[in-house]
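Please go through the model below with an eye to its open and enclosed spaces, its nonpolar cores and a few individual residues.

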Amino acid sequence: MRLGLFMMPLHPSYRPIAECYDRDIDQLVLADKLGFNEAWLGEHFTEKWENAPAPDLLIAKALALTENIVMGTGVTLLGMHEPVYLAHRLATLDHLSHGRFQWGIGLGGIPTDMVLMGLDPSTARDRAAEALEVILALWGHEEGPFKFHGNFFNIDAPALDPVTERGLHMKPFQLPHPPIAIAASTPNSNSLRIAGARGWSAMSGATLSPTLLPGHWDTLEEGAKKAGKTANRSDWRIARDIFVGPTPKIARERARGTMGRNYNVHQLPSRVGTKQIQSCKLDPSMSDEAVDVDYMMENVWIVGDPAECEDKIRALYDSTGGFGSLLSVTADSDDPSWDHESLRLLAEDVGPRIADLT
């Protein structure tokens with residue numbers, strides 16, 4: 001099983017922004033040294049706790065400080081972007097990485113992000129789908145002028161002039177495009193059908209109850225079959241909040257102070273009464289109030305010493321039928337040494353214990 005990071009990033013709102021980014025970079029550099037396979041960096045514009053409006057800039061800096069870890073957007077919020085500009089930025093990033101880049105995409109987005117951009121939140125998915133169509137068409141365009149006239153974007157790009165060498169020309173380093181993954185955070189997400197049909201990989205969200213994850217694979221596989229493709233479980237990524245400590249007691253104390261703080265202060269207030277909290281439940285009849293830190297720690301998050309974390313990962317693997325990559329959601333403890341120790345234990349102690357899960 002491959003190990004990776006999912007860096008939302010998640011930081012307490014009292015942390016200075018510059019320090020947040022320094023902490024992110026420190027974790028990415030450490031993950032590279034520890035042999036983590038990949039890292040996905042999130043994007044939001046109006047989430048103060050997830051203050052990463054330009055993940056491509058963080059990725060560019062991290063690429064220069066690392067050697068092997070593959071970076072990805074986790075995810076690009078397609079509905080927020082003008083696609084011609086985005087296509088060129090991503091292609092540039094792919095060249096800077098020499099191919100050490102993956103493109104994670106999301107077809108939704110929180111309403112306040114859309115409002116900030118002066119966009120109608122009800123059009124998010126349609127706008128995102130059209131932006132994706134434009135970007136892939138631009139990257140695949142060969143000769144002559146490029147024209148696209150849709151519901152949201154109207155583009156007339158000039159052909160490359162052979163004399164002046166001006167015109168549409170930019171393509172990614174990896175052809176026809178970087179590997180694409182779609183994130184899915186709700187049960188039976190249509191994004192999974194799209195991933196299966198297009199032959200792209202999928203990333204299942206960290207807060208989903210383990211009981212719902214098999215349905216993610218079924219949905220992806222259904223999309224693949226309808227398109228005449230075969231889905232591969234080794235391409236399926238599952239994200240989890242993970243905190244590994246030297247003992248079960250220390251792991252829980254640290255997780256409560258870090259992940260518990262994030263959950264109570266940032267995540268829970270916006271989830272009560274929504275399908276997001278419902279999707280955390282092992283039993284749909286549970287009350288929202290029962291989905292507290294203790295419940296999440298014992299049923300959704302992976303928290304414990306290396307042996308306990310191994311058992312929980314094996315249980316997750318068995319209950320889902322198998323998957324290829326486990327993405328650890330990065331934490332931001334007030335003592336950053338806790339986060340670094342957790343990553344080291346995950347890579348150096350837990351990793352070898354689950355090496356047989358392929």
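How much space lies in the largest pocket? The answer is about 1,400 Å³. The model is predicted, and that applies to every value in this report.

## The largest pocket

The lining of the largest pocket counts 42 residues. Nearest the centre lie His-44, Gly-109, Ile-110, Ser-185 and Gln-276. Helix H8, residues 248-271, supplies the largest share of the lining, with four residues.

What is the make-up of this lining by class? Polar residues number 21. Another 14 are nonpolar, and seven are charged.

## Enclosed cavities

How many cavities of 30 Å³ or more does a search of the whole structure find? It finds three. The largest cavity holds about 70 Å³ of space.

Its lining consists of Gln-27, Ile-242, Phe-243, Ser-328, Val-329, Thr-330, Ala-331, Asp-339, Ser-342 and Leu-343. Three elements give two or more residues each: strand S9 (236-244), strand S11 (325-329) and helix H12 (336-353). H12 gives the most, with three residues. By class, the lining of the largest cavity splits into five nonpolar residues, four polar and one charged.

## Nonpolar cores

The largest nonpolar core has 72 residues. Which of them touch the most other members? They are Leu-28, Phe-36, Leu-78 and Trp-103. Helix H5, residues 124-140, gives the most to this core: eight residues. Another core, of 18 residues, lies apart from it. Its members include Tyr-263, Met-286, Met-297 and Trp-301.

Take Trp-103 on its own. Setting aside residues up to four places away in sequence, Trp-103 touches the aromatic residues Trp-40 and Trp-139. Its contacts also include Leu-78, Leu-90, Leu-132, Ile-135 and Ile-180. Thr-73, Thr-76, Pro-178, Pro-179 and Ala-181 complete the list.

## Helix H2 and its two faces

Helix H2 spans residues 55-65. Its buried residues are Pro-55, Asp-56, Leu-58, Ile-59, Ala-62 and Leu-63. Seen down the helix axis, they fall within an arc of 155°, so they line one face of H2.

Which exposed residues does the face turned away from the buried side carry? Leu-57 and Ala-64 are found there. The buried residues of H2 pack against two helices, H1 (17-34) and H3 (83-97). They also pack against strands S2 (38-41), S3 (70-77) and S4 (101-106).

## Two buried polar or charged residues

Thr-219 sits in helix H7, residues 213-226. Is Thr-219 buried or exposed? Its relative accessible area is 3%, so Thr-219 is buried. Leaving aside neighbours within four places in sequence, Thr-219 contacts Asn-188, Ser-189, Leu-192 and Arg-193.

Arg-15 belongs to the loop between strand S1 (2-7) and H1. Why does Arg-15 count as buried? Its relative accessibility is 8%, and the cut-off for buried is under 20%. Not counting residues up to four places away in sequence, Arg-15 touches two arginines, Arg-23 and Arg-261. Arg-15 also touches Asp-332 and Asp-334, along with Cys-20 and Ser-333.

Technical notes: Residues are numbered from 1 along each chain as its sequence is written. This is a predicted model: local features need pLDDT of at least 70, side-chain atom pairs count only at pLDDT 80 or more; totals for chains, interfaces and linings use all residues. Side-chain values use heavy atoms; hydrogens and water are left out. Buried means under 20% relative accessible area, exposed over 50%, partly exposed in between (1.4 Å probe, protein chains only). The arc is that of the directions from the helix axis to the C-beta atoms. Contact means heavy atoms within 4.5 Å. A nonpolar core is a set of buried Ala, Val, Leu, Ile, Met, Phe, Trp, Tyr and Cys residues joined through side-chain atoms within 4.5 Å. On a 1 Å grid over the protein atoms alone, a cavity is a set of points where a 1.4 Å probe fits but cannot get out, and a pocket is an open set with protein on both sides within 12 Å along at least five of seven lines; lining residues have an atom within 4 Å of a point. Grid points are joined across faces, edges and corners, and a volume is the space filled by probe spheres set on the points. Ala, Val, Leu, Ile, Met, Phe, Trp, Tyr, Cys and Pro count as nonpolar, Asp, Glu, Lys and Arg as charged, and the others, Gly among them, as polar.
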